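Got a fold to walk through at the bench? Here are some questions and answers to read alongside it.

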Amino acid sequence: MSPAEGARPQFFYDLGDPESYIAAERVIASLPIVPEWIPISADGLPEGRVSERPGRRVALEALAARRGLQPLRWPAHWPGETRRALIVATYAKQLGRVVAFSLAAFRQAYAGGRELADDETLLIAGAACELHPNAVAKALERPALGSALDLATVAAVAAGVKRVPALTWEGQVFHGDAGVGVLADVLETEIARAAAIAEALRSADA
């Protein structure tokens, strides 16, 4: 399916993963087609939590600087517990508010240095997408949302996702922050090709 026919990439990420945060900021600015945002748990992926490996903190700080982001501010207990944040993100996705919630949560964690395990952080992120505090609290108590998060993670693995962040498009998987730029080039090429074909067809009919 071509971009002109309405296909959308999928963006898989974990709120506890700072490279996912860096990629999320680029996804908003760089991709010519808005992807579907899908929160998943890196714990369930083949390569696990890559960002937590030795030496990754310094590398990610350098990457954020190259991407023009403000310096990363690490939560005091990073890596910390993030499943609760992912459950609220899953709830926000069901309401069509996952992008606003996820960006707010990412920025609270890695621009503000706040703990994603803290309810106050989740409430602040929820307010950014007009989620009432009571709705956030109730979402955290719903086992079905945890199951939905786990199913999304399983589906990501089935699609070929090995680690976060990742983008998928027409059977291809683009991993890491670098994958955002690669997919942007692919999409722009396909959009240009579709436009050229449409123009040729119009010329033929003229």
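Q: How are α1 and α4 oriented to each other?
A: This is a predicted model, and in it the axes of α1 and α4 come within 10 Å and cross at roughly 130°. Angles over 145 degrees would count as roughly antiparallel, and 65 to 115 as roughly perpendicular. The angle for this pair fits neither range, so α1 and α4 are oblique.

Q: What hand does the crossing of α1 and α4 have?
A: Look at who touches whom: Pro18, Ser20, Tyr21, Ala24, Glu25 and Ile28 of α1 meet Val99, Leu103, Phe106, Arg107 and Tyr110 of α4. Sorted by class, that contact holds eight nonpolar, one polar and two charged residues. As for the hand, α1 passes α4 in a crossing that is left-handed.

Q: Which residues of α2 does α1 meet?
A: Helix α1 (residues 18-30) also has α2 (residues 56-66) alongside, with axes that come within 10 Å and cross at roughly 10°. Angles under 35 degrees count as roughly parallel, so that's what α1 and α2 are, and their crossing is left-handed. On the α1 side the contact uses Pro18, Glu19 and Ile22; on the α2 side, it uses Arg56, Leu60, Leu63 and Ala64.

Q: How many charged residues does the contact of α1 with α2 have?
A: Take the α1 side, where Pro18, Glu19 and Ile22 take part, and the α2 side, where Arg56 is one of the residues met. Glu and Arg are counted as charged. The class count comes to five nonpolar and no polar residues, with the charged ones numbering two.

Q: How are α4 and α5 oriented to each other?
A: The axes of α4 (residues 98-110) and α5 (residues 119-128) come within 8 Å, and they cross at roughly 140°. The crossing is right-handed. Since it takes an angle over 145 degrees to count as roughly antiparallel, this pair is oblique.

Q: How many charged residues are in the contact of α4 with α5?
A: From α4 come Ala100, Phe101, Ala104, Ala105 and Gln108, and they meet Thr121, Leu122, Ile124, Ala125, Gly126 and Ala128 of α5. By class, this gives eight nonpolar and three polar residues. As for charged residues, there are none: the count is no charged residues.

Q: Which strands stand at the edges of the sheet?
A: Four strands make an open sheet with mixed pairing, in the order β2-β1-β3-β4. A strand at the edge has a single partner, so one of its sides is left without a neighbour in the sheet. That puts at the edges β2 and β4.

Q: What are the bridge partners of Phe11 in β2 and β3?
A: Strand β1 (residues 10-13) runs parallel to β2 (residues 36-39), joined by four bridges. With β3 (residues 166-169), β1 pairs in the antiparallel sense over three bridges. Phe11 has a partner in each of those strands: in β2 Trp37, and in β3 Leu167.

Q: Which residue of β4 does Leu167 stand opposite?
A: β3 and β4 pair in the antiparallel sense, with four bridges. Trp169 stands opposite Gln172 in that pairing. As for Leu167, its opposite residue in β4 is Phe174.

Q: What hand does the β-α-β unit of β1, α1 and β2 have?
A: β1 and β2 run parallel, and α1 is the helix in the unit they make. Its hand, viewed with the strands pointing away, goes by whether the path over the helix runs clockwise. For this unit, the answer is right-handed.

Q: Which residue in the hairpin of β3 and β4 takes a positive phi?
A: Most residues other than glycine have a negative phi. Glu130, in the loop between α5 and α6, goes the other way with about 60°. In the hairpin, which has two residues between its strands, a positive phi near 50° is taken by Glu170.

Q: Where are Pro79 and Pro165?
A: Most peptide bonds are trans. The bond from Trp78 to Pro79 is cis, with omega near -10°, and the one from Val164 to Pro165 is cis too, with omega near -5°. Pro79 is in the loop between α2 and α3, and Pro165 is in the loop between α7 and β3.

Methods: Residues numbered from 1 in each chain as written. Predicted model: local features only at pLDDT ≥ 70, side-chain atom pairs only at ≥ 80, totals over all residues. Heavy atoms only, no water. Pairing = 2+ DSSP bridges. Axes fitted to C-alpha atoms, helices over the stretch in contact; angles between N-to-C directions. Left-handed = near helix turned anticlockwise from the far one by under 90°. Contact = heavy atoms within 4.5 Å.
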